[in-house]
Amino acid sequence: MKKRNVVGLLGIALTSTLVLAACGGGSSSDSGSKSSSDKGSSKVADKQTLNLIESAEIPTMDTVMNTDAVGSVVMNNVFEGLYRQDLKNNNELAMAAEEPKVSEDGLTYTFKIREDANWSNGDPVTSGDFVYAWQRLVDPATAAPYSYMMDGVIANATEIIAGEKPATDLGVKAIDDKTLEVKLASEVPYFKGLLGLSMYYPQNEKFAKEKGESYAKNSDNLVYNGPFTLTKWDGTGLNWVYKKNDTYWDKKAVKLDSINVDVVKETSTALNLYDNDSIDRMLLSGDYAQQRQDDADLKKLPTSSVFWFKFNQKRSDKETPLANENIRKAIAMSYDKKAYADTVLQNGSVPANGMVPEGLAKDPKNDKDFRKENGNLLEYNKKQAKEYWEKGLKELGVDKLELEILSDDTENAKKSSEFMQGQMEANLPNLKIKLKNVPFKVRLDLNDKQDYDIQVAGWGADFADPINFLELFQTENGNNKSGFSNAEYDALLEKIQTTSLSDPEKRWDEMLKAEKILMDTAGIAPIYQRYNSVLQKPYVKDIGVHLVGADYTYKWAYVESH
């Protein structure tokens with residue numbers, strides 16, 4: 001597969017939340033995932049309304065232009081692609097009526113669109129609606145930030161994005177109104193997971209063209225094919241409402257009548273609203289999470305976001321001290337990750353001793369989690385860190401070093417930098433650490449210019465396959481920006497992305513080996529896997545929480561009598 005220059009929705013911001021999609025086994029059930037209330041329970045409340053908050057405004061409701069967490073959650077609940085994640089994070093059939101027919105070479109997929117799939121204005125959802133949206137995504141005139149999610153995946157997408165072919169050449173065709181043919185550029189093991197992402201959603205071509213420039217500018221200039229419709233969103237406002245979509249094919253599975261959402265940016269304000277029973281759920285962080293450790297409403301939920309130190313090995317075309325493997329290993333083992341998670345983050349986050357997060361993907365042979373199977377590869381060990389440090393200094397011909405940690409300028413990022421500064425200086429003799437805390441956009445600019453020593457960076461999964469993390473540090477990957485280059489690593493990644501696609505077990509073993517190479521050479525230094533601390537009222541049931549993909553699904557949520 002073509003190596004993509006990618007910037008995930010999480011990107012490398014230390015304050016954002018995760019968005020994109022997951023792969024997994026599918027369900028062929030037409031009735032949707034069963035919630036606990038489907039089991040004959042009489043506890044479902046008469047009033048089915050939730051009151052929730054979001055951390056930011058909706059930037060856009062045009063699915064091909066989405067780039068953020070909030071927009072992904074909203075779109076996931078008012079639109080629907082060929083698949084969607086169920087309560088167990090498996091991909092189940094959604095707009096697709098049945099599993100696709102796949103050609104012998106694995107490159108052509110033929111989908112049947114549900115006969116009962118309709119837009120909220122009564123129009124049928126057609127295969128042409130998928131063709132229209134997908135062509136818009138890759139058309140350079142659209143300038144869609146996430147067009148790369150089809151680059152190297154759908155046939156001709158790479159050439160279209162580069163302006164070498166027209167969008168109409170994209171490998172997607174409406175055979176008839178309810179038959180969609182998709183041609184791939186190469187085999188993609190996680191293709192099913194991509195089809196649940198917002199950029200793969202359909203758009204009502206007739207409606208969109210009628211609205212023209214007004215399309216998706218507010219909730220009245222949209223039509224919906226998901227469990228809910230969006231109302232009372234003016235395009236910029238701090239509140240909106242989800243309403244049950246009576247035209248949705250699986251409306252019997254939807255119990256909530258409405259969800260009221262307000263944007264609340266201050267945790268203290270949100271906490272007051274929660275304690276006053278004005279909202280039903282909220283995220284906590286830092287000191288607030290610590291203060292509520294004994295609260296019965298507190299839940300700690302994993303994400304696929306992993307954070308690490310990125311070492312810049314080449315600056316202004318000159319090798320830096322971090323090009324020395326022993327120096328990198330010394331730094332990577334010099335800080336107590338558990339103490340950091342427990343005293344600074346305080347939100348349930350856990351130490352990371354590898355790049356790929358726990359819970360992301362399982363071995364196709366034995367169903368073992370990737371993280372558990374590959375084990376702890378780069379752990380805190382101050383004795384060994386000192387040994388590597390002294391060896392590295394000797395190889396460099398110096399007796400001391402001064403390095404700078406680049407990070408964001410948020411309160412939490414500053415606390416994190418100070419903690420790491422103290423740990424590294426205490427455990428590595430004659431190391432002086434300077435701190436540089438800057439706004440997120442400035443850090444991205446410094447990263448792009450490769451103008452830093454050590455950077456706090458991170459990644460959240462676009463899809464549930466380890467390659468989404470491992471490909472970041474291929475030599476030519478646009479996200480590398482560190483000077484890390486390892487011929488064995490590159491060769492393995494090339495095999496994983498091309499020749500090993502037809503052998504899932506071999507591909508899995510190669511991914512395990514690739515991560516070990518990255519860790520054994522301390523290409524990066526893992527810090528933690530993020531967890532979210534959430535307060536949720538006990539009467540709120542069956543909100544779908546996803547490790548990857550849009551954070552939440554409300555399709556099966558309901559309010560229990562209380």
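# Briefing: salt bridges, polar contacts and backbone features

The side chains of T108 and K183 are joined by a polar contact of 3.4 Å. T108 belongs to strand 5, and its relative accessibility of 15% places it among the buried residues, because buried means under 20%. The model described here is predicted. Across the structure there are 22 salt bridges, and the points below treat several of these pairs together with polar contacts, surface charge, backbone angles and contacts between residues distant in sequence.

**Polar contacts of threonine side chains**

- In addition to the pair of T108 and K183, a polar atom of the T303 side chain lies 2.9 Å from the backbone oxygen of R530.
- T303 is located in strand 12, which covers residues 298-311.
- With a relative accessibility of 7%, T303 is buried, because the limit for that class is under 20%.

**A salt bridge within one helix**

- Side chains of opposite charge can pair when their charged atoms come close.
- E205 and K209 form such a salt bridge, with 2.8 Å between the closest N and O atoms.
- Both E205 and K209 belong to helix 5 (residues 205-211), where a spacing of four residues corresponds to about one turn of the helix.
- How exposed are the two partners, E205 and K209? E205 is partly exposed at a relative accessible area of 28%, whereas K209 is exposed at 53%.

**Salt bridges between separate elements**

- E402 and K434 form a salt bridge in which the closest N and O atoms are 3.9 Å apart.
- E402 is in strand 16 (residues 401-408) and K434 is in strand 17 (residues 431-438), so this pair ties together parts separated by 32 residues in sequence.
- K434 is partly exposed, with a relative accessibility of 38%.
- R443 and D408 form another salt bridge, and here the closest N and O atoms are 2.5 Å apart.
- This pair links distant parts of the chain, since R443 lies in helix 13 (residues 440-448) and D408 lies in strand 16, 35 residues apart.
- Are R443 and D408 buried or exposed? Both R443 and D408 are buried.
- D275, R292 and D295 are joined into one network by salt bridges that share partners.

**Negative charge on the surface**

- Which residues gather in a patch of negative charge on the surface? The patch is formed by E115, D116, D176 and D177.
- E115 is placed in the loop between strand 5 (108-112) and helix 2 (127-138).
- E115 has a relative accessible area of 65% and is therefore classed as exposed, the limit being over 50%.

**Positive phi angles outside glycine**

- N156 has a phi near 75°, a positive value in a residue other than glycine.
- N156 is found in the loop between helix 2 and helix 3 (157-161), and its relative accessibility of 24% makes it partly exposed.
- Q346, likewise not a glycine, has a positive phi of about 55°.
- The position of Q346 is in the loop between helix 9 (337-345) and strand 15 (350-351).
- Q346 is buried, with a relative accessibility of 11%.

**Residues distant in sequence**

- How far apart in space are the C-alpha atoms of Y552 and V73? The C-alpha atoms of Y552 and V73 are 5.9 Å apart, although 479 residues separate them in sequence.
- Y552 lies in strand 22 (residues 552-553) and is buried, at a relative accessible area of 10%.
- M333 and W389 are 56 residues apart along the chain, and their C-alpha atoms are separated by 10.0 Å.
- M333 is situated in the loop between helix 8 (325-332) and helix 9.
- The relative accessibility of M333 is 10%, and M333 therefore counts as buried, under the limit of 20%.

Methods: Residues are numbered from 1 along each chain as its sequence is written. This is a predicted model: local features need pLDDT of at least 70, side-chain atom pairs count only at pLDDT 80 or more; totals for chains, interfaces and linings use all residues. Side-chain values use heavy atoms; hydrogens and water are left out. Patches are made of residues with over 30% relative accessible area and no salt bridge: like charges are joined within 9 Å, nonpolar side chains (Val, Leu, Ile, Met, Phe, Trp, Tyr) within 5 Å. Accessible areas come from the Shrake-Rupley method with a 1.4 Å probe; for residues, only the protein chains shown count as cover. A salt bridge is a side-chain nitrogen of Lys or Arg within 4 Å of a carboxyl oxygen of Asp or Glu. Lys and Arg count as positive and Asp and Glu as negative; His and the chain ends are not counted. The place of a charge is taken as NZ of Lys, CZ of Arg, CG of Asp or CD of Glu. Helices (H or I, at least four residues) and strands (E, at least two) are DSSP runs, numbered from the N terminus. Buried means under 20% relative accessible area, exposed over 50%, partly exposed in between (1.4 Å probe, protein chains only). A polar contact is a pair of N or O atoms within 3.5 Å; within protein, one must be able to donate a hydrogen and the other to accept it, and residues adjacent in sequence count only if both atoms are side-chain atoms.
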